Amino acid sequence: MKTPPIVDRTEWEAARLRLLDKEKEMTRARDALAAERRRMPWLPIEHPYVFEGPTGPASLLDLFHGRRQLVIYRAFFEPGVFGWPEHPCRGCSMVADQVAHLAHLNARDTTLVFVSRAPQSDIARVRDRMGWTMPWYTLTDGFDADFGVDEWHGTNAFIRDENTVYRTYFVNSRGDEMMGGTWDYLDITALGRQESWEDSPEGYPQTPPYEWWNWHDEYTGAESAAPGWLVQLNGAAGTGITLREEPADCCAHPVK
């Protein structure tokens, strides 16, 4: 293998900083795309789609689990797909393996579910074997064809206003490679991360960054920042923790 140049520490750090400038540009471009995504038009869903879940039939509205937003990943687990009946498709299984703890999405009023054409008995067996925890439903009608996921995997995002459901975004192909992390899922939703640094339309729900974060087993459903956490965020004396001050051009919270 032909290696890149071998350099000393000073040259290596200079090269890293040159690359960091480009990485920050990419991060800001990604933030701008997410802001544009939050301004995508909404498509009302009028067809009464039906799925099969662990407790029986479920509507598209049921898949929200009472939350405001829904992300649906179409995984290929069914007869005719390599791996059946022991496994879903290898690529879809890699996506499932990298899904972050769902409590963080749920704390942002967002539900993630997987759907496939496999019966519930097979889905339950594979979820248990692989240690997957996301809700996983069986397709029973033309939902996959109507939403561009009948031949290839893909991720659709929805939002609801009371009982009316809207499609807000769709990504597939290599776009699905980025899925799995909490931030990646939130960035494709209509409401985004719902943090105050984001460029969102007026009136969108937002709270300060960091403050809503919690351990995944301690979310309550009525989130507010714990006083001790706020003390640490503010770097108050006596906590033993002082967070570094973010630079003005920090890519995580861009200056408008």
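Which strand does S116 lie in? That is the warm-up: S116 lies in strand β5, where helices (H or I, at least four residues) and strands (E, at least two) are DSSP runs numbered from the N terminus.

Before the rest, some ground rules. Residues are numbered from 1 along each chain as its sequence is written. This is a predicted model, where local features need pLDDT of at least 70, side-chain atom pairs count only at pLDDT 80 or more, and totals for chains, interfaces and linings use all residues, while side-chain values use heavy atoms and leave out hydrogens and water.

**Exercise 1. Work out the surroundings of S116.**

Step 1: start with burial. S116 has a relative accessible area of 0%, so it is buried; buried means under 20% relative accessible area, exposed over 50%, and partly exposed in between (1.4 Å probe, protein chains only).

Step 2: list the partners. Contact means heavy atoms within 4.5 Å. Setting aside neighbours within four places in sequence, S116 is in contact with R74, A75, F76, F77, W136, Y137, T138 and L139. For L139, the C-alpha atoms are 5.7 Å apart although the two residues are 23 apart in sequence.

Step 3: look for polar contacts. These are pairs of N or O atoms within 3.5 Å; within protein, one must be able to donate a hydrogen and the other to accept it, and residues adjacent in sequence count only if both atoms are side-chain atoms. The S116 side chain reaches the backbone oxygen of A75 at 2.6 Å, and a 3.0 Å polar contact joins it to the side chain of W136.

**Exercise 2. Follow R74 on to D144.**

Step 1: R74 was among the contacts of S116. Its side chain also makes a polar contact of 3.3 Å with the side chain of D144.

Step 2: place D144. It lies in helix α5, residues 143-146, and its 5% relative accessibility makes it count as buried.

Step 3: complete the list. Beyond four places in sequence, D144 is in contact with R74, R117, L139, V149 and D150. L139 also turned up for S116.

**Exercise 3. Take apart the nonpolar cores.**

Step 1: get the term straight. A nonpolar core is a set of buried Ala, Val, Leu, Ile, Met, Phe, Trp, Tyr and Cys residues joined through side-chain atoms within 4.5 Å. In soluble globular proteins, nonpolar side chains tend to be buried together.

Step 2: find the hubs. The largest core has 27 residues, and V99, L112, F114, M134, W136 and Y185 touch the most other members.

Step 3: see who contributes. Elements supplying at least two residues each include β4 (69-74), β5 (110-116), β8 (164-172) and α6 (182-187). The largest share, 3 residues, comes from α2.

Step 4: zoom in on a hub. Leaving out residues up to four places away, Y185 touches V71, V95, V99, L105, L112, M179 and G180.

Step 5: look beyond this core. Apart from it lies another one of 17 residues, among them I45, L63, Y137 and F158.

**Exercise 4. Is L63 buried or exposed, and what does it touch?**

Step 1: L63 is found in the loop between β3 (56-59) and β4.

Step 2: its relative accessibility is 0%, so it counts as buried.

Step 3: outside four places in sequence, L63 touches F51, A58, L70, I72, T111, V113, V115 and Y137.

Step 4: compare positions with F114. The pair sits 51 residues apart in sequence and 9.9 Å apart in space, C-alpha to C-alpha.

**Exercise 5. Find the buried side of α4.**

Step 1: pick out the buried residues, which are Q120, D122, I123 and V126.

Step 2: look down the axis. Those residues fall within an arc of 155°, taken from the directions from the helix axis to the C-beta atoms, so they line one face of the helix.

Step 3: turn to the partners. The buried residues pack against β2 (50-53) and β6 (136-139), whereas the face turned away carries the exposed residues S121 and D128.

Step 4: check what follows. Just after α4, G131 takes a positive phi of about 75°.

**Exercise 6. Check the length of α1.**

Step 1: α1 has 29 residues (9-37). The expected span is 1.5 Å times one less than the number of residues.

Step 2: that predicts 42 Å, and the end C-alpha atoms are 41 Å apart, which agrees.
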